[in-house]
Amino acid sequence: MGTVLSISPATKKASIMDSELAKNDKSLKRHSMFVSLSWKKLVSNSAKKSAKKVTPNPLPAREPQSGQVAQLNIENIRKTHQTEEKKPKAPIPVPVPTVPTQNNDNVVQNARLSTVQKQPSSLSLVSPRRIVIQASTGELLRCLGDFMCRRCFKLKDLNSGEVIIWFRNIDRTLLLQGWQDQGFITPANVVFVYLLCEDTIADSIASPAELQGTFQTCLYLAYSYMGNEISYPLKPFMIESNKDVFWEMSLRIINRLSAKMLQLNADPHFFTEVFQDLKNQRDTSEANLDR
């Protein structure tokens, strides 16, 4: 008897699928082997190329050269210092102003003029010389008192010390009462008082009271014009019995001597003249006794 093989369609399909899977596995293995081989070839080629590249030679170290350069610089600096020390130090040139030659003639002429001016002659080629006058406050007060005594010759008992006491008592009263912070009696102010008295006090005065009233009126105007304060009281200057005379005399002095009062402060030559005139009022007999 013979055997009969029967193959079902399902088993046939399974065998076909298994054969196809086996083929796919072989193709995948081949493909992976190809990829790995190609990667190895790329790596080996890149390694060969990198090996074939020429690396640049490293630059030689310059540290010793830089050290040598520094030593050479130090030696050069030392040599320059030594040469500078050996050289003599020359003085610093200073620009000297030059005088133009055209002015030399003028200088010679000025020198000649100065020699001519020094020689005494009747014709003066120079402006009037400045006269320097020195005097203390006490000396000028004595001169003022001597002037008053000489002018008022009718008052036989009058002396210069009495006039000075009138002046100092008023100044002290104003200081004590607080009307002024510092004394008024200075050489310049004494000269101003003399200017007023020389024009106001007449030789016809016959009583000490009249003289004192006139003198204190001059002092009031001098304090008002030359004093440091804005205003001064009338009581130390004015005598009660002569109020009308005081104001009339004050206005008369202002109208007559305003120009001279301004000139005394503005013109030094005029001040010097008045100063010298006051100093010349000193009694010669008293001056000889002082010496």
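This is a short dialogue on reading the helices, the core and a few single residues of a predicted model.

Q: Where should I start: what elements does the chain have, and in what order do they run?
A: Start with the inventory of helices and strands. This predicted model has 10 helices and 0 strands. Read from the N terminus, the elements run α-α-α-α-α-α-α-α-α-α.

Q: What can I say about the chain as a whole, such as how much of the chain is buried?
A: Overall totals give a useful backdrop before you zoom in. Here buried residues make up 23% of the 291 residues. The accessible surface comes to about 22500 Å², and carbon and sulfur atoms hold 57% of that. For contacts with a separation of 6 or more, residues 24 or more positions apart account for 70%.

Q: How many residues are in the largest nonpolar core, and which elements give residues to this core?
A: Look for the buried nonpolar side chains that join up, then ask where they come from. The largest nonpolar core has 49 residues, and those with the most contacts inside it are Phe-167, Leu-196, Leu-211, Phe-215 and Phe-237. Two or more residues of this core come from each of helix 4 (137-151), helix 5 (160-176), helix 6 (187-200), helix 7, helix 8 (243-266) and helix 9 (268-279).

Q: Take Phe-215 from that list; which residues is Phe-215 in contact with?
A: When you list contacts, set aside the close sequence neighbours. Beyond four places in sequence, Phe-215 is in contact with Leu-144, Met-148, Val-163, Trp-166, Phe-167, Val-193 and Cys-197.

Q: Next along the chain is Gln-216; is Gln-216 buried or exposed?
A: Here you compare the relative accessible area with a cut-off. Gln-216 has a relative accessible area of 6%, so it counts as buried, the limit being under 20%. Gln-216 lies in helix 7, residues 208-226. Apart from neighbours within four places, its contacts are Ile-170, Pro-236, Phe-237, Met-238 and Ile-239. Phe-237 is also one of the core residues with the most contacts.

Q: Tyr-225 lies in helix 7 too; what is its relative accessible area?
A: The value is 34%, so Tyr-225 is partly exposed. Leaving out neighbours within four places, Tyr-225 is in contact with Phe-192, Met-261, Leu-262 and Asn-265. Sequence distance and spatial distance are worth reading together: Tyr-225 and Leu-262 are 37 residues apart along the chain, with their C-alpha atoms separated by 9.8 Å.

Q: Where is Thr-137 found, and which residues does Thr-137 touch?
A: Thr-137 is found in helix 4 and is partly exposed at 22% relative accessible area. Not counting residues up to four places away, Thr-137 touches Ile-185, Thr-186 and Pro-187. The C-alpha atoms of Thr-137 and Thr-186 are separated by 5.9 Å, although these residues are 49 apart along the chain.

Q: How do helix 6 and helix 9 pack: what is the angle?
A: For a helix pair, read the angle and the axis distance, then the residues between them. Helix 6 and helix 9 pack at about 80°, with axes 10 Å apart, and they are therefore roughly perpendicular. Helix 6 contributes Ala-188, Val-190, Val-191, Tyr-194 and Leu-195, while helix 9 brings Phe-270, Phe-271, Val-274, Phe-275, Asp-277 and Leu-278. These residues divide into 10 nonpolar, no polar and 1 charged.

Q: And at what angle do helix 8 and helix 9 cross?
A: Their axes cross at roughly 105° and come within 6 Å, so helix 8 and helix 9 are roughly perpendicular as well. The contact involves Lys-260, Gln-263, Leu-264 and Ala-266 of helix 8, with Pro-268, Phe-270, Phe-271 and Val-274 of helix 9. By type, that is 6 nonpolar, 1 polar and 1 charged.

How values were computed: Residues are numbered from 1 along each chain as its sequence is written. Side-chain values use heavy atoms; hydrogens and water are left out. Helices (H or I, at least four residues) and strands (E, at least two) are DSSP runs, numbered from the N terminus. Buried means under 20% relative accessible area, exposed over 50%, partly exposed in between (1.4 Å probe, protein chains only). Contact means heavy atoms within 4.5 Å. A nonpolar core is a set of buried Ala, Val, Leu, Ile, Met, Phe, Trp, Tyr and Cys residues joined through side-chain atoms within 4.5 Å. Accessible areas come from the Shrake-Rupley method with a 1.4 Å probe; for residues, only the protein chains shown count as cover. Axes are lines fitted to C-alpha atoms, for helices over the stretch in contact, and angles run from 0 to 180 degrees between N-to-C directions. Angles under 35 degrees count as roughly parallel, over 145 as roughly antiparallel, 65 to 115 as roughly perpendicular and the rest as oblique. Ala, Val, Leu, Ile, Met, Phe, Trp, Tyr, Cys and Pro count as nonpolar, Asp, Glu, Lys and Arg as charged, and the others, Gly among them, as polar.
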